[in-house]
Amino acid sequence: MTMAHPSPDCALYLWPRRTVYVGRLARPIEFNLAAASLTVALDGLLQYQTPDMPGPGYCTSLLLKPGERVRVDAGDRLIGTCYLDALGQDHALLEPRMLECNAGVCQRVPGEQEFQRLFRQMLDPGIAASEGFRTLETLINPGAIPYPVVDDRVARVVSLIHQSVAQNCPVTELAGAVNLSAPRLVQLFRQQVGVPIRRYRQWHRLFVTAIRVARGWSLTEAALEAGFTDSAHLSHTFRAIIGLRPSDIFTALARARLVVDEGIDKDLEASV
C-alpha cells in the first residue's frame with residue numbers, strides 16, 4: 001500500500017515569469033514592493049493599510065502595483081501570494097478587471113475562488129509545477145490576450161541586469177548599451193517597470209538568492225554570489241522589499257515544497 005505524503009506547511013514556486021508563495025505570515029509585513037503582487041487570503045480576510053489611508057482596510061484579495069508602500073496583516077492565516085512579472089504585463093491585464101481600485105491598491109480579483117483553490121493545491125506534493133503554472137496563466141489571462149508591448153530597450157536592460165546580477169553596472173553603461181541617455185533610461189524604466197533600476201536589481205538579487213538556496217547553497221554563499229556584500233546587506237534589502245527577515249522565510253522553507261523551474265538554471269549559469 002502506498003503511503004500518502006503529508007502536505008508541507010508552505011510552498012515556494014520559482015518560475016522565470018512569476019514567483020508564488022503559499023503559507024502563513026507570523027507577523028505583519030511592511031514593505032515597498034519592487035514587483036507587482038497579487039495576494040489572496042485562503043481562510044479569512046487580509047488587513048492592509050497604505051500611508052494615505054486613515055485606517056486599515058479588509059479584503060480577501062489584494063493587487064498591489066510596484067513601488068506601493070503598504071502594511072499587510074494576514075493574522076497567521078494561510079495566504080497565497082504571486083509576485084507578478086517584472087515588466088508589469090500581468091499587472092496591466094489584472095488591474096482593469098479588479099472589482100475595486102483606489103490609488104494603486106486594488107481588491108477583489110475576478111475568479112477569486114479559483115485562485116484560492118489553486119493556491120491550496122500548490123501545497124499538495126502531487127500537483128505538477130507545469131500544471132500549476134498553466135492554471136495560473138489561465139486565471140491571470142483567461143482570454144489569452146497578447147501581453148502589452150514592452151519597450152525593447154527596457155527589456156534589454158532587464159536582460160543585462162540578469163546577466164550581471166552580482167555587478168553594480170552603472171546606469172550610464174546600461175543606457176549606452178541601448179543608445180539612450182542615462183536620464184531618459186531612468187525615466188523610461190520607471191514608466192515601464194514601476195520601480196527604479198536599483199530597486200529592480202535588488203529584487204532580482206533576492207530572487208537569485210532564493211533559487212540558489214533551493215539548489216542547496218547556504219544562505220550566505222547564495223547572497224554573496226548574487227551581489228550582496230554581506231549578511232547585513234541581504235537582511236536590510238530583504239526587510240525593505242519583502243517586509244520580513246530572511247530567516248522568517250528561509251526557516252519556513254526548510255519544511256516547504258520548493259519548486260524551481262528547470263529553465264532557470266540556464267539563466268543562472270549566464271549570470272555568474
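Among contacts in the chain between residues at least 6 apart in sequence, what percentage join residues at least 24 apart? In this predicted model, the share is 71%, and the paragraphs below follow some of the places where such parts of the chain come together. The chain has eleven helices and twelve strands, and of its 272 residues, 48% are buried. The area that the chain exposes comes to about 13,100 Å², of which carbon and sulfur atoms supply 50%.

In soluble globular proteins, nonpolar side chains tend to be buried together. Here the largest nonpolar core holds 56 residues, and those that touch the most other members are Leu46, Leu62, Leu174, Phe189, Tyr200 and Trp203. Helix H7, which covers residues 197–214, gives the most to this core, with eight residues. If we take Leu174 and leave aside its neighbours within four places in sequence, we find it in contact with Val157, Leu160, Ile161, Cys169, Leu185, Ile197 and Arg201. A second core, separate from this one, has 27 residues, including Trp15, Leu84, Leu94 and Leu139.

Trp15 also leads to the aromatic rings, which form five pairs in the structure. The rings of Trp15 and Phe133 have centres 5.0 Å apart and planes at 70 degrees, and because an angle over 60 degrees counts as edge-to-face, this pair is described in that way. Trp15 lies in the loop between strand S1 (11–14) and strand S2 (19–24), whereas Phe133 lies in helix H3 (residues 129–140), so the pair ties together parts that are 118 residues apart in sequence. Trp15 is buried, at 4% relative accessibility, while Phe133 is partly exposed, at 22%. Together with Tyr13, these two residues form one aromatic cluster.

Another pair is found within a single helix, since Phe115 and Phe119 both lie in helix H2, four residues apart, which is about one turn of the helix. Their ring centres are 6.2 Å apart and their planes are at 40 degrees, so the pair is tilted. Phe115 is buried at 0% relative accessibility, and Phe119 is buried with a relative accessible area of 0%. Helix H2 (residues 112–121) also holds Gln116, which counts as buried at 14% relative accessibility and, not counting residues up to four places away in sequence, touches Val40, Ala41, Leu42 and Thr60.

Finally, we return to the region of helix H7. Arg212 lies over the face of Trp217, at 5.1 Å from the ring centre. Arg215 is in the loop between H7 and helix H8 (219–225) and is partly exposed, with a relative accessible area of 42%. Its C-alpha atom is separated by 9.5 Å from that of Leu258, although the two residues are 43 residues apart along the chain.

Terms used: Residues numbered from 1 in each chain as written. Predicted model: local features only at pLDDT ≥ 70, side-chain atom pairs only at ≥ 80, totals over all residues. Heavy atoms only, no water. Core = buried A, V, L, I, M, F, W, Y, C linked by side-chain atoms within 4.5 Å. Buried < 20%, exposed > 50% of the residue type's maximum accessible area, 1.4 Å probe, protein only. Helix = DSSP H or I, 4+ residues; strand = E, 2+ residues; numbered from the N terminus. Contact = heavy atoms within 4.5 Å. Areas by Shrake-Rupley, 256 points an atom, 1.4 Å probe, with all protein chains shown as cover. Phe/Tyr/Trp six-rings, centres within 6.5 Å; stacked < 30°, edge-to-face > 60°. Lys NZ or Arg CZ within 6 Å of the ring centre and 35° of its normal.
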